[in-house]
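Please look through the structure shown below, which is a predicted model, and keep it at hand while reading the notes that follow on its nonpolar cores and on one group of its strands.

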Amino acid sequence: MREAVDRAASLISAQDQLDDELCTWPSAPALYTRANAVDQWPRPITPLTQDLIAYPQERGLGRAFGPELGTAPEGGPWTWNGVFYGWYVYGVEPAAEMADNLPGYSRVAVYTDYFGVEEDPEAPARASGGAGPLAVARIGRNFLRAMHSYPRRAERMIELAGLRLAADLRRDWSAQPDEALVRRLTGHIPEAVDFRVPHVLASVISAPLLQNVTVSVRRIVPDGAEPLVLEAVSGLGGIHLREATRAMGEVALGRLGRAEFLDAYGFRGANEFELAALPWRDDPTTLDRLISGAAHERPAPADVRERARARLRGAAGVRWPVLRWKLGLLETHMRWRENGKVPMAMATHSMRLLTREAAGRLVERGRLERPEDVHYLRLTELLGELSGRPTVDLDIAVARRRRTLELSARLRIPEMLDVEPGRVAEIGPARWKAMGVLPPAPPTVAVADAVAGVALAGGAVTGGAHGGEPGPAGAGTLSGVGGSSGVATGRARIVHDPNEVELAEGDVIVARGTDSAWTPLFCEAAAVVIDVGGAMSHSAIAAREVGIPCVVNVKTGTERIAEGQRVTVDGGAGVVHLH
């Protein structure tokens, strides 16, 4: 494997320099996207994380869509997601096949939703859903049952995972025999699959609910229905990481002890599902900075939600009780879309504690050179080492995998992938045509004068596979999706790691994507601009909770906007003006 990799290179052109041992190659050509994965998996994941954390989460998707909802077969390992050179991606084909079984839906609609492309008007007509009336009725019944049952299950899971994590934090791991570690590692997988299901259900249910509410509002408020709905469900309250941010402020003001904060929130942190990452409990420098910033948090505007609801109430008239009920349902499932991650994050930190102990033992026994090398083991190898079945040439495998991930992390990965066994490629013209959709338009930065008449009217500027080649920053406008309303102007800060940036008052966060632990950083920002995502992504939900403007899905913000450049973010219009 060659060491020299250009930092501007794409994964597509450099993959021959990488070892593909850990890639989850599909048996036939398949489509994947990074867009939906950025929130949860912002960087390449280590092999042990892939096996112990990511794999059961992927199986949870199959459980949710298969036995729970009955919309598709559960499928075998890595049916719904994939990992290529450490990058976690979401599968598009399973969703497309599921759409083939639903009346009124189609795989072309899935391609449009996932890739932001348009149907090819010259493509041959395709049959829509093939499920019969009985199957549709069964699926509908499953959805209704899931809507009512999963929040209670999620609450029980949070309680269970919280009690176990508290016990694990007190546990003397050095006193545990190897056999006990093996039992916990193997027992984690089925439980982690269960923990994933409520989060999947919340995501699946909240998306069509948002669409349904928006359609209802559009009938009574034809202009500006989308931002009005988002304003009406802003300030949800009860979101775990928003509560963590408020608790940081209490610590800063001396009204809450640091130990109490860590007991409640110390397992959270940036890239929190990666076993090698440091949660707040183990990263005091980052936590100190976040607590300091929370002390100066601006109060979120309390009247946004009330004004939006008052307008809806006046426009709906006698239909308001039904609309209010729908808004309540939407709020519940949006809240669980965020909070559904809590038991998974708790269980991940329990596994982090266990694998640290295992790492120490393997170093003492001369099987690993450094404790952090444990993250480059496969789960079967770790179980074998703890069970007296050592792996031959373990040090060589660790070095090879570490080198692959280090190189992969320096590469740009396309947002849209066409993967065949043994090869990752961008989606080409012939493939788009076969899918029945038009290729995405190349990304551009519109000149400010022209944008007012063209880009703003036309909606989002869609991006190519990896956003095209970076161009010089300058005056113009980026168009995306409004995630949180409001207008703010400030200095752009290009943020790749929330633990490595200090914001000043009025700064605007510009990022490829964010995970849940970025929420405290949002409280210090004037606005947020995100390359990927939609109105239901973490970035948008967190911005609405904090009360700052947010535009998502601008595709190339991190490439087109220069560090320190002055920008104006209009969350209601979904545009970013560059000055």
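The largest nonpolar core of this predicted model is made up of 45 residues, and those with the most contacts inside it are Leu52, Tyr88, Leu185, Leu377 and Leu382. In soluble globular proteins, nonpolar side chains tend to be buried together.

**The nonpolar cores**

- At least two residues of the largest core come from each of α2 (47–68), β3 (87–91), α5 (133–170), α6 (178–220), α13 (342–364), α14 (379–386) and α15 (394–408).
- Helix α13 supplies the largest share of this core, namely 11 residues.
- Once its neighbours within four places in sequence are left aside, Leu377 is in contact with Pro47, Leu48, Leu362, Leu368, Leu382, Leu394, Val398 and Arg401.
- A second core, separate from the one above, has 42 residues, and Ala232, Val233, Trp320 and Leu327 are included in it.

**Strand β9 and its partners**

- In strand β9, which covers residues 508–511, Val508 and Val510 point one way while Ile509 and Ala511 point the other way, and all of them are buried.
- In a regular strand the side chains alternate between the two faces of the sheet.
- Strand β8, residues 487–494, pairs with β9 in the parallel sense over three bridges, and within this pairing Ala492 stands opposite Val508 of β9.
- Strand β10, residues 527–530, also runs parallel to β9 and is joined to it by four bridges, with Ala527 of β10 as the bridge partner of Val508.

Key
Residues numbered from 1 in each chain as written. Predicted model: local features only at pLDDT ≥ 70, side-chain atom pairs only at ≥ 80, totals over all residues. Heavy atoms only, no water. Core = buried A, V, L, I, M, F, W, Y, C linked by side-chain atoms within 4.5 Å. Buried < 20%, exposed > 50% of the residue type's maximum accessible area, 1.4 Å probe, protein only. Contact = heavy atoms within 4.5 Å. Pairing = 2+ DSSP bridges.
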